[in-house]
Amino acid sequence: MAEDDTYTQDGTLDINKNPANRRKTGNWKACRFILGNECCERLAYYGMSTNLVNYLQERLNQGNVTASNNVTNWSGTCYVTPLLGAFLADAYLGRYWTIAGFSIIYVFGMTLLTMTASVTGLKPSCDKNGCNPTKTQSAACFVALYLIALGTGGIKPCVSSFGADQFDESYEKERKHKSSFFNWFYFSINIGALIASSVLVWIQMNVGWGWGFGVPAVAMAIAVVSFFSGSRLYRLQKPGGSPLTRIFQVIIASFRKHNVEVPYDKSLLYETTDEECNIKGSRKLGHTDKLSFFDKAAVETETDRTKALNPWRLCTVTQVEELKAIVRLLPVWASGIVFSTVYSQMSTMFVLQGNTMDQHMGPKFKIPSASLSLFDTLSVIFWAPMYDRLIVPYARRFTGNERGFTQLQRMGIGLVISIFSMLTAGILEVVRLNIVRKNNYYDLEYIPMSIFWQVPQYFLIGCAEVFTFIGQLEFFYDQAPDAMRSLCSALSLTTVALGNYLSTFLVTIVTNVTTKNGKLGWIPDNLNRGHLDYFYWLLAILSVLNFFVYLWISKWYTYKKAVTHLQSK
């Protein structure tokens, strides 16, 4: 076998820091451990978070708005902490060790949360009139939740990128597998979520919260074992040093040279003469024409030629293109915030809406409203392989694109589907409120309308996820500079954080505006006397506006150009 075929060409190393052997490491044989880890970790996360709004209401005695806002604030934090984990992974630790370290914090958080729901003194005392948590008990619960938020911050941005690292882009066969990996990665997430939203939610509502949180804690421990089990098979990318330092160097050098003229011949811009890039774990990037102001950082002046190289005055074309790549990603990133706001309704407003409906399956069995999210999960489990096996080959015939659709087209389709999910939820609420008004059911806890009428809105969101969230995962990995992939994966995740925060902001504003002059408002504790449908219409309108902005952004976007392969040294 030729030497080029023996080792990967993307700079990856094995666990012993030797060049990664193509046959012995990576590919699907390594990914099965990563996918197993992700499935168990997501089972733990969703097993704890899916029904969290009901736990806060029942055990911490919180109202609809307070519980909803606490869930979205915490969930948002879970998608901001990945910025910290991603920075450590790209700059210093690498993805493997970042996942390993933060997983331990995650297990501690899950263990403490289980104790707050099961250990006398830490769990709130309850009687037939409800629960009476002390400040210490509430604080212990939130400490546990935010330890989990910190732990997940080192896992979320790294696992998908770490899995994609197992496929060498310079090898055509592996490059095609990489695109499929993101579909199966999201599929494994939803297998965990399916068990969480069905079995674990039922345990929480019918057996107890101690068992309901204890099982996810065990699942997280299994996730850690699965991850370490594949260590000898993994391919590891070298950390490339602080990406923030390189970004600021380009910005400062550009402003220092704001009066310098950029040459017409872009080959005159400064770049290292070596075939390999001077940034660890990165390929050289070709010049792109847009955002040309930053090209000034790569213009070599007389001062640069006569003095020792100063990276705060002269940067390589690859450094400049790294910054351009990040700037180009930002508008696409921003367009995902409204979609994430729609997505966040599954764990808040959909659950509260379901709480008012008939939850019986037959005369005895009662399905918890939070368990309806399993239909979102089933939708993803259905559409992810369907997209990979049927939609992509069919679309490829018409588009000529090896992925079927471009990543931007794929995300746009998901945005459109999300609009219909909000319209469906709004129509259901209109029908539900009409039944309440016609029959004077205002103070009835459960109206005689099956909770399964919520299934279409969950199913549509699941379909939208397959297009938008998976497309986003692949897009941010593919378009990120090689040495900033964890950071860009974290950036994509912050849309979920900001979507949750936007949901909190909208709920707060809507509540403040609609409760003036003693009115009950759109989202009172008794939804039979409110207008939750108006809130869904508001989200549908925002989604339509967001889609048209996204179309303009997509037309403007320029894809990055990688020009060399890496060497494993």
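In this predicted model, the link of Cys126 and Cys131 is right-handed, with 100° about the S-S bond. The two sulfur atoms of Cys126 and Cys131 lie 1.9 Å apart and are joined as a disulfide. A disulfide is a covalent bond between the sulfur atoms of two cysteines. A search of the whole structure finds one such link. Its two ends sit in contrasting surroundings: Cys126 is partly exposed, at 41% relative accessibility, whereas Cys131 is buried, at 6%.

What, then, of Cys31, and which cysteine sulfur is nearest to it? Cys31 is in no disulfide, and the nearest cysteine sulfur, that of Cys39, is 15 Å away. With a relative accessible area of 0%, Cys31 is buried. Cys158 has a relative accessible area of 0% and is buried. The closest cysteine sulfur to that of Cys158 belongs to Cys488, and the distance of 12 Å is too far for a bond. The reasoning rests on a simple cut-off: a disulfide needs two cysteine sulfur atoms within 2.5 Å.

Attention turns next to the helices. Helix 2 runs over residues 27–49, and its length can be checked with a little arithmetic. At 1.5 Å a residue, the 23 residues of helix 2 should span 33 Å, and its end C-alpha atoms are 32 Å apart, so the two values agree. The expected value is 1.5 Å times one less than the number of residues. Is helix 2 mostly covered or mostly uncovered? Helix 2 is mostly covered, with 19 of its 23 residues buried. An α-helix has 3.6 residues a turn, so residues three or four places apart point the same way.

Just before this helix comes a loop worth a closer look. Asn21 is part of the loop between helix 1 (3–6) and helix 2. Although placed in a loop, Asn21 counts as buried because its relative accessible area is 18%, and buried means under 20%. Beyond its neighbours within four places in sequence, Asn21 is in contact with Thr6, Tyr7 and Arg235. The side chain of Asn21 also has a polar atom 3.2 Å from the backbone nitrogen of Lys24. Phe108, by contrast, is 87 residues from Asn21 in sequence and 36 Å from it in space, C-alpha to C-alpha.

A second buried residue with a list of contacts is Arg410. Arg410 belongs to helix 15 (residues 407–439) and has a relative accessible area of 3%, so it is buried. Not counting residues up to four places away in sequence, Arg410 touches Asn183, Tyr387, Phe405, Val466, Phe467, Thr468, Ile470, Gly471 and Glu474.

Aromatic rings provide another thread through the structure. The count comes to 36 aromatic pairs. One of them joins Phe162 and Tyr234 edge-to-face, with 4.9 Å between the ring centres and 75° between the planes. This pair links distant parts of the chain, since Phe162 lies in helix 6 (residues 135–164) and Tyr234 in the loop between helix 8 (209–229) and helix 9 (243–256), 72 residues apart. Both partners are hidden from the surface: Phe162 is buried at 1% relative accessibility, and Tyr234 is buried at 0%.

Rings also gather in a group. Trp28, Phe167, Phe181, Phe182, Phe185 and Tyr477 form one aromatic cluster. A charge sits over a member of this cluster, Tyr477: the charged end of Arg485 is placed over its ring, 4.1 Å from the centre. Elsewhere, Lys156 lies over the face of Tyr45, at 4.5 Å from the ring centre.

Finally, two loop residues have a backbone angle that stands out. Most residues other than glycine have a negative phi, and most peptide bonds are trans. Which sign does phi take in Asn61? Phi of Asn61 is near 60°, a positive value in a residue other than glycine. Asn61 lies in the loop between helix 3 (52–58) and helix 4 (64–78), and with a relative accessible area of 53% Asn61 is exposed. Leu291 likewise has a positive phi, near 55°. Its place is in the loop between helix 9 and helix 10 (302–306), where Leu291 is partly exposed, with a relative accessible area of 27%.

Note on methods. Residues numbered from 1 in each chain as written. Predicted model: local features only at pLDDT ≥ 70, side-chain atom pairs only at ≥ 80, totals over all residues. Heavy atoms only, no water. Helix = DSSP H or I, 4+ residues; strand = E, 2+ residues; numbered from the N terminus. Buried < 20%, exposed > 50% of the residue type's maximum accessible area, 1.4 Å probe, protein only. Contact = heavy atoms within 4.5 Å. Polar contact = N/O pair within 3.5 Å; in protein donor to acceptor, adjacent residues only side chain to side chain. Phe/Tyr/Trp six-rings, centres within 6.5 Å; stacked < 30°, edge-to-face > 60°. Lys NZ or Arg CZ within 6 Å of the ring centre and 35° of its normal.
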